[in-house]
Amino acid sequence: MAAILHNATLATMRDGYGLIPHGAVVIEGDRIAWAGPEADLPATDAPRRDMGGRLVTPGLIDCHTHLVFGGNRAREFEMRLTGASYEEIARAGGGIVSTVAATRAAREDDLLAAALPRLDQMLAEGVTTVEVKSGYGLDIETELKMLRVARRLPSCRDVTVATTFLGAHAVPPEYAGRPDDYLTEQAIPALRAAHAEGLVDSVDGFCEGIAFSPDQIARVFAEARALGLPVKLHAEQLSNLHGAELAAKAGALSADHLEYLDEGGIRAMAAAGSVAVILPGAFYTLRETRQPPIAGLRAAGVPMAVASDCNPGTAPMTSILLAMNMACTLFRMTPQEALLGATAHAARALGLTDRGTIAPGQRADLAVWDATHPAELSYRIGATPLHARIFGGRLDA
């Protein structure tokens, strides 16, 4: 079926905002057939929906989340406020490994039931595509369980889910001091099993002193390459191990966090075309002071995405709009960069070419806002100005 959205302000996200006042969009099936000024609308008998002058953007894309997990870490939030650092909490057995215990103990249906309310909060802010990582199992069985839950989400909600294998997230307690053995005996076999089961779209890792070294991440990347899977990397969040350069040399879709990224890393990412995924929620929660080099990334032409980093420990947030606001207020990104970061550049960070802009041939994933200018989406704090969500051409999906 065809439909026309008219009397809209379009932010096509092509060449910046790509604003088209008094615009219209023709939808055929699950695709955009035409978009432009309403005065140029092609002749058609398709039914029309009046947008009332509202802003229409591509559906938002949250390209970095840990949406599926068990338990919560509110107690660690208290610990940080009394002076404990992220590394101190992790080395004491907290942090990621505390979520591992809760996730291992949870049944698949329980993990699904816990993830759905978080997903609903994202959809209420115009998200139509979300990436979901594993990484809280750290054994073969639980890593597969997490990815199966992620694959079930689209059967429960109108959303596209991109799954990422993150077995190299942390070293579990039973492998303390033996990270290479963990990779050999658990993480890499889990990746192979996930790929064989069709559960994984890309591969990630955590390159950090409290996690895995560049050489160890290189082993994971080699396995991903052998399986034909794209890679990305948590890099330079707490220190500079030159993970971003490693990722760029591997042709990574993205390097994420990047607070300690240096000029060499920026140059490598620019040359590779890797996206810098900016995650202000973790910066805010951890009360960090080292900011990612936004000006350097901007000057080098590195595309910047923005994501919630939804996770139970360092970014217990589901709001992509708040992440956009934080990217502007904390890191001095512009509202245009923030919205590009949650649309066109987020799509690129996931290797998706059929969404993120309003253009013929793109998926008809759209968000209709009670707003007249796209800067309002980053400007408002705590607001949910979504008027309607269109998923695959279906209004109010």
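Trainee: How many cavities of 30 Å³ or more does the structure hold?
Mentor: The structure, which is a predicted model, holds one such cavity. On a 1 Å grid over the protein atoms alone, a cavity is a set of points where a 1.4 Å probe fits but cannot get out, whereas a pocket is an open set with protein on both sides within 12 Å along at least five of seven lines.

Trainee: And what is the volume of the largest cavity?
Mentor: The largest cavity has a volume (the space filled by probe spheres set on points joined across faces, edges and corners) of about 130 Å³. Lining it are 13 residues (each with an atom within 4 Å of a point), and His66, Tyr86, His169, Asn311 and Thr314 are the closest to its centre.

Trainee: Which classes make up that lining?
Mentor: The lining of the largest cavity has seven polar, four nonpolar and two charged residues. Ala, Val, Leu, Ile, Met, Phe, Trp, Tyr, Cys and Pro count as nonpolar, Asp, Glu, Lys and Arg as charged, and the others, Gly among them, as polar.

Trainee: Turning to pockets, what is the volume of the largest one?
Mentor: The largest pocket fills about 340 Å³. Ala90, Arg91, Val97, Val171 and Ile210 are the closest to its centre among 19 lining residues. By class, that lining comprises twelve nonpolar, six polar and one charged.

Trainee: What about the second largest pocket: which residues line it?
Mentor: The second largest pocket has a volume of about 230 Å³, and its lining includes Arg80, Tyr86, Glu87, Leu238, Tyr260 and Glu288. Four charged, five nonpolar and two polar residues form this lining.

Trainee: How are residues numbered?
Mentor: Numbering starts from 1 along each chain as its sequence is written, and side-chain values use heavy atoms, leaving out hydrogens and water. Local features need pLDDT of at least 70 and side-chain atom pairs count only at pLDDT 80 or more, while totals for chains, interfaces and linings use all residues.
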